[in-house]
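Reader: I'd like a close look at one part of this model, with the charged side chains as the way in. Could you walk me through it?

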Amino acid sequence: MLRRADTFHSIVQPTYPCFQSFSVLLANEKLSVPITCKIRVFPDIDKTVKYAQMLEKAGCQLLTVHGRTKEQKGPLAGVASWEHIQAVRKAVNIPVFANGNIQCLSDVEECIRKTGVHGVMSAGNLHNPALFEGRNPLVWEMAEEYLEIVRKYPCPLSYVRAHLFKLWHHTLQVYQQLREELAKVKTLEGIVDVNRELKLRCQEEIANQKEGEKPKEGLPFFHWICQPYIRPGPKERCRENGDSGTEKGVRGKRALEEEEDGNSELLSKNKQKKKLRNPNKSFDPSLKPKYAKCDQCGNPKGTKCVFNMCRGCCKKRAFKEVADCPGHGLLFKTKYEKSLSWQHSQRGIQTPEISQRGDAEVGETAVLKEAGDSTG
């Protein structure tokens with residue numbers, strides 16, 4: 001297995017694939033370590049395959065394919081396509097790893113069998129660190145082992161908290177008070193105390209458990225056992241929150257937030273935590289600083305934006321027009337010209353002056369023009 005220190009890993013986005021192939025080529029030329037990449041798929045399998053082949057040609061030496069598109073995130077994640085991953089595996093001559101739909105060890109074995117990949121990545125081990133061992137240990141035991149590692153190799157407390165929120169996800173739905181304590185604790189020893197209290201409460205619940213009792217909330221195991229977390233879809237999320245998802249529900253939420261600003265007892269948990277860290281902090285909207293608004297959406301605009309827009313709107317416009325905005329650090333035109341320069345140099349042709357998108361419809365890039373954000 002390659003350690004992180006022994007490789008250079010790039011998470012590439014299917015925006016302008018020519019950009020990514022140029023970046024991978026440059027990294028491959030300048031670095032002495034292997035270059036690995038991780039991508040999401042296009043809806044079309046052929047486009048995904050051509051994209052993977054382009055990265056292989058540029059010097060990628062191990063490719064991980066997440067079988068979801070760039071739109072499949074959060075509550076819209078859905079099911080990953082192993083069919084796309086299998087097509088990439090057959091089309092390239094470098095090792096391919098799969099990512100998506102992995103919740104237990106049997107999923108790992110099935111994925112390798114169906115796609116023919118060389119390995120599997122999974123975020124499921126955030127909720128069950130023993131996933132690749134095929135075990136489902138007790139949550140506090142995994143926490144104890146993890147905290148011992150943190151003692152040996154210290155890291156920011158926020159990282160520890162984030163891991164434990166994942167590991168204890170199902171148990172913290174039952175013991176909300178412990179969730180609040182974990183959010184407020186300031187030291188590693190304090191987190192150890194929270195784990196000890198969680199262990200005692202779970203052991204007491206196990207002792208009082210009735211014979212034949214089954215897990216609640218449709219879980220495969222009781223909440224104190226490490227197990228996968230299946231993110232609810234938009235409809236399920238609305239039902240959980242008691243919200244119909246209509247405009248009326250949205251207005252009600254905003255009205256509640258306005259009430260919170262005027263009454264500290266009604267502040268949300270997040271605002272209460274901020275208040276604990278800074279007792280002088282005010283959430284009164286009238287005291288918020290006034291910002292110049294974006295010409296497109298009304299959000300605060302960037303002070304140095306060439307389009308007088310917020311970053312989100314600026315990114316869309318700069319992408320559409322193949323333009324640069326140094327104020328927001330967006331260099332679509334510059335990177336596009338560099339990628340074309342590299343492409344022409346590969347063919348032994350002198351680089352023409354680039355002025356518009358129409359000048360740049362060259363070769364493989366013609367079929368791979370879809371915008372993308374970050375890879376999951």
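Which residue does the side chain of Glu189 meet in a salt bridge? And once that's settled, please carry on through the surrounding charged pairs.

Author: Sure. Keep in mind that this is a predicted model. The partner you're after is Arg151: its side chain and that of Glu189 meet in a salt bridge, at 3.3 Å from N to O. The pair ties together distant parts of the chain, with Glu189 sitting in helix H9 and Arg151 in helix H5, 38 residues apart. As for how open the two ends are, Glu189 has a relative accessibility of 43%, so it counts as partly exposed. Arg151 is partly exposed too, with a relative accessible area of 36%.

Arg151 and Glu189 also belong to something wider. Together with Glu148, they are joined into one network by salt bridges that share partners.

Now stay with helices H5 and H9, and look at Lys199 and Glu144. Their side chains meet in a salt bridge as well, with 3.7 Å between N and O. Here again the link is between distant parts of the chain: Lys199 lies in helix H9, which covers residues 188-207, while Glu144 lies in helix H5, which covers residues 139-152, and the two are 55 residues apart. Lys199 has a relative accessible area of 27%, so it's partly exposed. Glu144 comes in at 34%, so that end is partly exposed as well.

There's also a pair that stays inside helix H9. Glu197 forms a salt bridge with Arg201, and their closest N and O atoms are 2.9 Å apart. Why does this one look so local? Because Glu197 and Arg201 are four residues apart in helix H9, they're separated by about one helical turn. Glu197 is partly exposed, at 30% relative accessible area. For Arg201 the value is 22%; buried would need under 20%, so Arg201 is still partly exposed.

To put these pairs in context, the count of salt bridges comes to nine. The chain's secondary structure adds up to 14 helices and seven strands. Of its 376 residues, 37% are buried. Links between distant parts show up in the contacts too: among those between residues at least 6 apart in sequence, 58% join residues at least 24 apart. As for the outside, the accessible surface of the chain is about 22800 Å², and 51% of it belongs to carbon and sulfur atoms.

Notes. Residues numbered from 1 in each chain as written. Predicted model: local features only at pLDDT ≥ 70, side-chain atom pairs only at ≥ 80, totals over all residues. Heavy atoms only, no water. Salt bridge = Lys/Arg side-chain N within 4 Å of Asp/Glu carboxyl O. Buried < 20%, exposed > 50% of the residue type's maximum accessible area, 1.4 Å probe, protein only. Contact = heavy atoms within 4.5 Å. Areas by Shrake-Rupley, 256 points an atom, 1.4 Å probe, with all protein chains shown as cover.
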